[in-house]
Amino acid sequence: MGCAQGKCCGGGGEGVAEREGVGGVPGGGRGGGGATTLGRAAVPGAGLVLEYATLAVDGLYPDAPGRESQDAHLVATRFAGDPDLHLFAVFDGHGACGAACAQFAREALPRLLLLPRLAADPAGAFREAMTAANEEMHAAGGVDDSMSGTTAVAALVAGGALHVANVGDSRAVAGVWRDGRVAAEELSWDQTPFRADERARVKACGARVMSVEQVEGVRDPDAEGWLADEGDPPRVWARDGLYPGTAFTRSLGDLAAEGVGVIAEPEVKSVEITPAHLFFVVASDGVFEFLSSQEVVDMVAMHKDPRDACSAIAAESYKLWLEHENRTDDITIIIVHIRDAENGVTKLTTAARERR
């Protein structure tokens, strides 16, 4: 869910960053509409192999049938030439220039992460890189980010650790074997006005936080009992204007929103990859608008091949969008299975055997 003025108004190999954007309705599986890709990458320092799949499906917008997808993603294995570093990221643009913002961030982030401090301080490197990407976007002559921008969620496998940086409401989640089942472990936190801490932060910067119904006087403007699955979400507004109307409190770009507290500094979570970690998912909110993290994890756990899981999740997301609205968002998914390098068996397969 993006900005009121913009989001819905139209407007590989190892060591190589890969980007794919495929149109069509999901559910066709491999080679069908929204075709998936598959890749593998060794993590020799941790004795792991990553098997990953990606899927990007254009949104359905009846009022703008030729609308360009505003999502972008990248997979950069052997990042910076290091066999133990692998980067997976998703960007979800919004506003009239959202596609350009997402593409700009996709190109800038890996370049800006190439800092000496990446190995020693991944969290610090992510914070520096994302804030620098934001400043570069503001200065870029070919990108108008005054009322447009992008989310960014990036997961870096660094040997036996996983570092996730998030700006906005795209999401990363891991599937962890716990108490005889695959449980969702949140790797990022959506930064929206639903969160009391983020709501207080933007209000301290002079923002009003209201839904569109409240702005239009249909609802009490002081009420804060918003429900995630009912009506328009709380949005960030300038004190004296009907802008920016963002449904998130952090982003890259959105220059006009910075004055009311919408910032580019990511939240970063770092976890050690344990034998219980089966896979992780990085996806845009086109997936998570109507599916919970646990529901997504459950669907991944049902499929041995991550390509099949991508297709199943995209198809379910697409269906749920059309049950609730007359359009769908762009949908982008990266699923990464964690294999044991010694025997090549996924931990997910082993867990499934233990259930029987």
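## Exercises on strands, turns and a buried threonine

P244 lies in strand β12, residues 244-246; here strands (E, at least two residues) and helices (H or I, at least four) are DSSP runs, numbered from the N terminus. The model is predicted, so local features need pLDDT of at least 70 and side-chain atom pairs count only at pLDDT 80 or more, while totals for chains, interfaces and linings use all residues. Residues are numbered from 1 along each chain as its sequence is written, and side-chain values use heavy atoms, with hydrogens and water left out.

**Exercise 1.** Find the residue joined to P244 by a cis peptide bond.

*Solution.* Step 1: go to P244 in strand β12. Step 2: look at its bond with Y243, where omega is about -5 degrees. That is the cis bond. For background, most peptide bonds are trans.

**Exercise 2.** Which strands pair with β16, and which residues stand opposite H337?

*Solution.* Step 1: locate β16 at residues 331-340. Step 2: follow β3 (residues 48-57), which runs antiparallel to β16 and is joined to it by 10 bridges. Two strands pair if DSSP finds at least two bridges between them. Step 3: turn to β15 (residues 277-283), which pairs with β16 in the antiparallel sense over 5 bridges. Step 4: now pick out H337 in β16: E51 stands opposite H337, and so does F279.

**Exercise 3.** How many of the 10 residues of β16 are buried?

*Solution.* Step 1: recall the cut-offs: buried means under 20% relative accessible area, exposed over 50%, and partly exposed in between (1.4 Å probe, protein chains only). Step 2: apply them to β16, and 9 of its 10 residues are buried.

**Exercise 4.** Describe the phi angle and surroundings of A80 and D179.

*Solution.* Step 1: A80 has a positive phi of about 60 degrees, although it is not a glycine. A80 sits in the loop between β4 (71-76) and β5 (85-94), and is exposed at 54% relative accessible area. Step 2: D179 also has a positive phi, about 55 degrees, and is not a glycine. Its loop lies between β8 (171-178) and β9 (181-186), and D179 is exposed at 76%.

**Exercise 5.** Is T151 buried or exposed, and what does its side chain touch?

*Solution.* Step 1: find T151 in strand β6, residues 149-158. Step 2: T151 counts as buried because its relative accessibility is 2%. Step 3: a polar contact of 2.9 Å joins the side chains of T151 and S170 (a pair of N or O atoms within 3.5 Å; within protein, one must be able to donate a hydrogen and the other to accept it, and residues adjacent in sequence count only if both atoms are side-chain atoms).
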